[in-house]
Amino acid sequence: MVAPTADIGEPTPGGIAIQPQVTELGREAQSFHNNWLLLLCAVISVFVLVLLLYTLFKFNRKANPTPSRTSHNTAIEVIWTLVPVLILVAIAIPSIGLLRKQYSPPPADLTVKVIGNQWYWTYQYPDNGGFEIVANMLKEKDQVKAGERYRTDADGPKLLAADERIVIPAGKIVKFIVTSNDVIHSFAVPAFWTKIDANPGRLNETWVKVDRPGVYFGQCSELCGARHGFMPIAVQVVSPAEFAQWVASKGGTMPGARPAATSDSTGASPVTPAAIPAAAAPQPATGPGAAPAVAQPAINQAATAQN
Ligand SMILES: [Cu+2]
């Protein structure tokens with residue numbers, strides 16, 4: 001398991017800016033935000049402030065006792081109509097280009113199906129034999145019973161570390177098909193510039209191409225009930241060779257490879273059929289003290305009523 005890098009792929013204490021982006025699209029969007037939108041906002045705000053101050057001092061009752069009776073000025077009316085139109089066009093052109101890139105994905109090298117559940121995520125790898133992993137938030141040391149797995153710094157920050165990570169290969173186009181088993185969740189990883197709703201009965205699609213290997217954290221971003229804040233997303237980006245090893249360790253196969261060629265000596269578990277019912281909680285323990293089950297029907301009901 002790779003330990004996360006501080007300040008990349010996770011929030012920083014006191015941070016106010018967008019997280020460092022590790023996808024090309026994310027970098028483009030970040031630069032659009034920082035170097036264009038923020039600049040425009042700042043210029044407009046300063047201009048309005050200056051205009052306001054000028055008016056306050058120049059045209060108050062003391063400085064200007066007899067006000068002008070002017071009601072029309074064609075030149076200025078044309079200007080205050082045209083300038084906002086031009087500002088909107090200057091925002092729309094790069095913005096629409098960016099949207100088009102986000103929503104017209106190149107052909108995928110790998111597809112991962114992401115399923116939101118109250119309150120954990122399941123991930124399926126249909127290109128790799130269809131195995132499924134179940135990811136629950138890791139609890140803190142003082143929250144677990146003796147012998148159970150708890151979070152360490154190698155897993156990630158508090159409330160963001162998960163017992164299973166989505167593993168994807170670096171430099172490859174990865175398509176995420178996103179849906180839900182119960183209520184609306186949202187699959188979001190800030191460092192990828194990715195956020196998409198997980199709607200029951202519908203498939204949404206998003207894609208990433210991450211060049212930098214590492215660990216990146218996200219969270220469910222749609223209020224989905226009592227434990228909404230406790231269903232983090234952890235993505236580990238590895239080299240293609242390491243990805244193939246990981247797939248084999250989960251009992252999956254690489255597309256095009258013969259099944260026998262991918263089974264290695266790490267004690268591969270049998271392929272998990274992608275048919276774990278929604279209420280069935282996490283997969284069997286994979287290490288000493290895996291995370292306990294989270295799904296509790298009573299809480300489910302309470303949370304649904306609360307929504
Ligand atoms: Cu959720």
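Let's start with Asn136, which sits in the loop between S3 and S4. Keep in mind that this is a predicted model. Beyond that loop, there is a copper ion held by His185, Cys220, Cys224 and Met231, and a nonpolar core of 42 residues, the largest in the structure.

**The loop between S3 and S4**
- Asn136 is buried, because its relative accessible area is 1%, under the 20% cut-off.
- Along the chain, Asn136 and Pro232 are 96 residues apart, yet their C-alpha atoms are 7.6 Å apart in space.
- Glu164 also belongs to this loop, which runs between strand S3 (131-135) and strand S4 (166-169).
- Is Glu164 buried or exposed? Glu164 counts as buried, since its relative accessibility is 9%.
- The Glu164 side chain has a polar partner: the side chain of Lys250, at 3.1 Å.

**The copper site**
- Which atoms coordinate the copper ion? They are ND1 of His185, SG of Cys220, SG of Cys224 and SD of Met231, at 2.0 to 2.6 Å.
- The site is tetrahedral, with angles of 95 to 128° among the four donor atoms.
- If you want to find the donors along the chain, look for the spacing H-x34-C-x3-C-x6-M.
- Cys220 lies in strand S9 (residues 214-220), while Met231 is in the loop between S9 and S10; the two are 11 residues apart and link distant parts of the chain.
- Cys220 is buried at 5% relative accessible area, and Cys224 is buried too, at 0%.
- Met231 counts as buried as well, because its relative accessible area is 1%.
- As for disulfides, a search of the whole structure turns up zero.

**Nonpolar cores**
- Within the 42-residue core, the residues with the most contacts are Tyr123, Tyr125, Ile168 and Phe187.
- Which strand gives the most to this core? That would be S10 (residues 232-238), with five residues.
- There is also a second, separate core of six residues, and Ala29, Phe32, Leu98 and Ile173 are among them.
- Setting aside neighbours within four places in sequence, Ile168 is in contact with a long list of residues, including Leu110, Val112, Val174, Phe176, Val208 and Val210.
- The same Ile168 list also includes Val235, Gln236, Val237 and Val238, plus Phe243.

**Helix H3 and what follows**
- Helix H3 covers residues 240-249, and its buried residues are Phe243, Trp246, Val247 and Ala248.
- Phe243 is thus a buried residue of H3 that also turns up among the contacts of Ile168.
- Just past H3, Gly251 takes a positive phi of about 85°.

**Toward the N terminus**
- Where is Ala17? Ala17 is in the segment before helix H1 (24-58).
- Ala17 counts as exposed, because its relative accessibility is 69%, over the 50% cut-off.
- Ala17 and Asn34 are 17 residues apart in sequence, with 9.1 Å between their C-alpha atoms.

Key:
Residues are numbered from 1 along each chain as its sequence is written. This is a predicted model: local features need pLDDT of at least 70, side-chain atom pairs count only at pLDDT 80 or more; totals for chains, interfaces and linings use all residues. Side-chain values use heavy atoms; hydrogens and water are left out. A nonpolar core is a set of buried Ala, Val, Leu, Ile, Met, Phe, Trp, Tyr and Cys residues joined through side-chain atoms within 4.5 Å. Buried means under 20% relative accessible area, exposed over 50%, partly exposed in between (1.4 Å probe, protein chains only). Helices (H or I, at least four residues) and strands (E, at least two) are DSSP runs, numbered from the N terminus. Contact means heavy atoms within 4.5 Å. A disulfide is a pair of cysteine sulfur atoms within 2.5 Å. A polar contact is a pair of N or O atoms within 3.5 Å; within protein, one must be able to donate a hydrogen and the other to accept it, and residues adjacent in sequence count only if both atoms are side-chain atoms. Donors are N, O and S atoms within 2.8 Å of the metal (3.2 Å for Na, K and Ca); water is not among the atoms, so sites may look incomplete. Four donors count as tetrahedral if all angles lie between 85 and 135 degrees; four count as square planar and six as octahedral if opposite donors are over 155 degrees apart and all others between 65 and 115; anything else is irregular.
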